[in-house]
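Biologist: I would like to go through this model one question at a time. Please give the reasoning before each answer.

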Amino acid sequence: MTPQAMLARLVGFDSVVGRPNLALMNEIADWLDGNGIPCRLLTGPEGDRVNLFATIGDSALPGYILSGHVDVVPATEPEWRADPFLLRDCDDRLIGRGACDMKGLVAAVLTAAPDLAAMSLATPIHIALSYDEEAGCKGVPHMIAALPDLCAPPLGCIVGEPTGLAPVLAHKGKAALELCATGVPGHSSRPDLGHNAIHALLPALVAATTQAATLQASGPRDARFAPPWSSLQIGTIEGGQALNIIPEHATARIEARAIAGTDPESLLAPVLAAAEAHGVAAHWLSSYPPLALDRDHPLVGLTQRISGQEALAAVSFGTEAGLFQQAGIPSVICGPGDIARAHRPEEYLTRNELSACYRMVLALGQACAP
């Protein structure tokens with residue numbers, strides 16, 4: 001099977017974030033098993049979604065993880081020129097939802113797996129595929145928690161998000177919070193007989209905008225990122241049903257993105273305090289830490305050699321790499337494509353990018369061979 005044929009198979013699964021993924025993961029497991037590579041399907045707490053973990057080589061020895069996610073964002077934009085879940089080859093572009101983010105990496109790894117198995121690796125290579133990364137890296141923590149039962153402590157992890165195959169050493173962390181206010185409905189002419197849920201949200205929203213301005217004006221800086229400060233924004237607000245009805249329910253979702261060395265959840269502390277003071281319920285939607293790897297770490301040199309690219313200091317988007325690092329596994333981001341093409345209609349990966357990623361995976365195998 002060629003990497004392009006494998007990518008077509010993967011894109012053909014409508015694996016939108018938050019939905020069951022057993023059909024796709026069973027397909028991948030069958031491919032690996034058919035090539036003599038045993039794997040484990042690890043069911044998440046949702047019950048209908050699984051992570052997949054496979055090892056090529058001796059799992060009792062320290063090795064390297066190749067990490068990717070199989071979920072994709074929805075493809076409902078009208079600008080798609082054809083079925084987004086049917087890979088199209090147009091002018092060197094392999095077009096389809098997830099082609100760039102990040103089934104291209106997964107296709108390259110799976111296609112190379114039989115070749116890796118034939119190398120009798122002295123240092124094992126693990127394949128770690130997760131679910132619901134697009135919802136805030138919800139799936140991979142369950143796989144990371146299971147790693148002590150799956151393999152020896154890994155030497156490092158390469159997360160294949162699209163970076164143009166340049167190793168990336170750092171990214172921001174993220175925390176997302178939902179606020180839910182409950183009011184007492186009634187006719188808007190008698191506000192004294194009701195309680196406005198939207199009004200109840202306002203102190204927390206003011207705290208959010210104040211915190212955002214403070215972070216920009218005087219918060220810590222890290223010049224590797226754009227922007228170089230931690231940020232905070234109110235992403236959505238929902239509430240009310242008519243102008244002349246006192247709103248009974250209101251919801252807001254707020255995110256914080258933290259530079260390395262900052263806990264993203266801590267950035268939302270003023271928002272939580274204001275919500276609690278005004279009887280507004282709050283719960284975390286997702287959270288993952290920043291990534292920061294020293295440039296002189298051996299994993300950086302290895303990834304530069306196999307990719308043929310010099311390392312980049314940082315990106316501002318987040319990945320599962322921060323969670324692997326938090327678990328004590330040195331991690332770097334390195335995958336095919338450009339993040340600017342992700343989450344957009346007509347998302348694509350070029351044939352050359354896919355082939356280069358395939359060669360990178362084989363080069364890792366050669367580095368791990370006897």
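Biologist: Is Val-280 buried or exposed?

Modeller: This is a predicted model, and the values here are computed from it. Val-280 lies in the loop between helix H6 (269-277) and strand E12 (281-288). Buried means under 20% relative accessible area. The relative accessibility of Val-280 is 7%, so Val-280 counts as buried.

Biologist: Which residues is Val-280 in contact with, leaving aside its neighbours within four places in sequence?

Modeller: Contact means heavy atoms within 4.5 Å. With neighbours within four places in sequence left aside, the contacts of Val-280 are Leu-179, Cys-180, Ala-181, Ala-200, Leu-201 and Ala-275.

Biologist: How many Å separate the C-alpha atoms of Val-280 and Leu-121?

Modeller: Along the chain, Val-280 and Leu-121 are 159 residues apart. In space, their C-alpha atoms are separated by 55 Å.

Biologist: Is Cys-357 buried or exposed, and what is its relative accessibility?

Modeller: Cys-357 is found in helix H9. Leaving aside neighbours within four places in sequence, Cys-357 is in contact with Leu-105, Ala-108, Leu-165 and Pro-336. The C-alpha atoms of Cys-357 and Gly-335, 22 residues apart along the chain, are separated by 7.0 Å. Cys-357 counts as buried, and its relative accessibility is 0%.

Biologist: Is Ala-145 buried or exposed?

Modeller: Ala-145 is found in helix H4, residues 140-150. From Met-1, Ala-145 is 144 residues away in sequence and 33 Å away in space, C-alpha to C-alpha. Exposed means over 50% relative accessible area. The value for Ala-145 is 61%, so Ala-145 is exposed.

Biologist: Which element supplies the largest share of the largest nonpolar core?

Modeller: In soluble globular proteins, nonpolar side chains tend to be buried together. Here the largest nonpolar core has 56 residues, and those with the most contacts inside it are Ile-28, Leu-32 and Leu-52. Elements that each supply at least two residues of this core include helix H1 (3-11), helix H2 (22-34), strand E2 (50-56) and helix H3 (99-117). The largest share, 11 residues, comes from H3.

Biologist: How many residues does the second, separate core have?

Modeller: Leu-215, Ala-256, Ala-258 and Leu-268 are included in this second core. The second core is separate, and its number of residues is 25.

Biologist: Which residues does Leu-32 touch, not counting residues up to four places away in sequence?

Modeller: Leu-32 is one of the residues with the most contacts inside the largest core. Not counting residues up to four places away in sequence, Leu-32 touches Ile-37, Cys-39, Leu-52, Ala-54, Leu-110, Ala-113 and Ile-127.

Biologist: How many Å apart are the end C-alpha atoms of H2?

Modeller: H2 has 13 residues, and at 1.5 Å a residue they should span 18 Å. The expected span is 1.5 Å times one less than the number of residues. The model agrees with this, because the end C-alpha atoms of H2 are 18 Å apart.

Biologist: What arc around the axis do the buried residues of H2 cover?

Modeller: An α-helix has 3.6 residues a turn, so residues three or four places apart point the same way. In H2, Leu-24, Met-25, Ile-28, Ala-29, Trp-31 and Leu-32 are buried. They lie on the same side of H2, because the arc they cover is only 160°.

Biologist: Which residues are exposed on the other side of H2?

Modeller: The buried residues of H2 pack against H1, strand E1 (39-43), E2, H3 and E6. On the other side of H2, the exposed residues are Ala-23, Asp-30 and Gly-34.

Biologist: What is the phi of Asp-92?

Modeller: Most residues other than glycine have a negative phi, and most peptide bonds are trans. Asp-92 is found in the loop between strand E4 (88-90) and strand E5 (93-95). Asp-92 is not a glycine, yet its phi is positive, about 75°.

Biologist: Which residue does a cis peptide bond join to Asp-101?

Modeller: Omega of this bond is about -10°. The partner is found in helix H3. The residue joined to Asp-101 by the cis bond is Met-102.

Technical notes
Residues are numbered from 1 along each chain as its sequence is written. This is a predicted model: local features need pLDDT of at least 70, side-chain atom pairs count only at pLDDT 80 or more; totals for chains, interfaces and linings use all residues. Side-chain values use heavy atoms; hydrogens and water are left out. A nonpolar core is a set of buried Ala, Val, Leu, Ile, Met, Phe, Trp, Tyr and Cys residues joined through side-chain atoms within 4.5 Å. Buried means under 20% relative accessible area, exposed over 50%, partly exposed in between (1.4 Å probe, protein chains only). Helices (H or I, at least four residues) and strands (E, at least two) are DSSP runs, numbered from the N terminus. The arc is that of the directions from the helix axis to the C-beta atoms.
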